[in-house]
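Let's take a walk through this protein together, one helix at a time. Have the sequence and the 3D view open as you read.

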Amino acid sequence: MREFRGLWNQGEKLADQTWMDKAACIGMSHLFLGNGNEAGKETTKREKAALLICQSCPVRKECYEYGLLYPYGVWGGKTEKERQTIRNRQVRTKNVDD
Ligand code: SF4
């Protein structure tokens with residue numbers, strides 16, 4: 001997702017975006033973000049293709065952490081819905097801990 005480098009800064013922890021230069025998806029953002037008009041089947045097909053690329057990406061861990069802060073697209077081998085589920089779980093866990 002190097003195309004999105006510098007798009008937003010989520011604080012010092014994630015300010016280093018140099019890992020994006022090693023991304024396996026460079027030049028393939030059309031697979032990782034929908035165009036807003038695709039039907040459900042098209043989304044599933046696009047996401048499957050993106051997730052295949054993520055499987056062999058050398059910066060998947062960094063991308064996963066970064067992508068948890070962003071609601072759209074495939075990041076770190078997770079779809080939008082998967083990351084939303086993870087975020088919801090994190091919020092529930094935090095609320096239990098407080
Ligand atoms: S993990 Fe996937 S979305 Fe993230 S940089 Fe690698 S290929 Fe791109």
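The buried residues of α2 are covered in part by α1 (29–32) and α3. Keep in mind that this is a predicted model. Which residues of α2 are buried? They are R46, E47, A50 and C54. These residues cover an arc of only 100° around the axis, which puts them on the same side of α2. Turn to the other side of α2 and you will find K41, T44, K48, L52 and Q55, which are exposed. A general point about helices helps here: an α-helix has 3.6 residues a turn, so residues three or four places apart point the same way.

The length of α2 can be checked too. At 1.5 Å a residue, its 16 residues should span 22 Å, and the C-alpha atoms at its ends are indeed 22 Å apart, which agrees.

Now pick out A49, which also belongs to helix α2. Is A49 buried or exposed? With 14 other C-beta atoms within 10 Å, A49 falls in between and is partly exposed. A49 and F32 are 17 residues apart in sequence, while their C-alpha atoms are 8.7 Å apart in space.

Next comes α3. Its buried residues are C63, Y66 and G67. They cover an arc of only 90° around the axis, which puts them on the same side of α3. What do they pack against? Their partner is α4 (80–97).

Here are the two helices side by side:

| Helix | Buried residues | Arc around the axis |
|---|---|---|
| α2 | R46, E47, A50, C54 | 100° |
| α3 | C63, Y66, G67 | 90° |

Both helices meet again at the ligand: α2 (40–55) and α3 (60–67) each supply at least two residues of the shell around the ligand. Of the 15 residues around the ligand, A23, C25, C54, C57 and C63 come nearest. Sorted by class, the shell holds 12 nonpolar, 2 polar and 1 charged residues.

Stepping back to the whole chain, the protein has 4 helices and 0 strands, and from the N terminus its elements run α-α-α-α. Buried residues make up 17% of its 98 residues. Among contacts between residues at least 6 apart in sequence, 41% join residues at least 24 apart.

Finally, a word on confidence. The protein averages a pLDDT of 87, and 86% of the residues score at least 70. Among its elements, α2 has the highest mean pLDDT (96) and α4 the lowest (88).

Terms used:
Residues numbered from 1 in each chain as written. Predicted model: local features only at pLDDT ≥ 70, side-chain atom pairs only at ≥ 80, totals over all residues. Near = placed C-beta within 6 Å. Nonpolar A, V, L, I, M, F, W, Y, C, P; charged D, E, K, R; others polar. Buried ≥ 20, exposed ≤ 12 C-beta atoms within 10 Å, placed from the backbone. Contact = placed C-beta atoms within 7 Å. Arc of directions from axis to C-beta. pLDDT = per-residue confidence, 0-100. Expected span 1.5 Å × (residues − 1).
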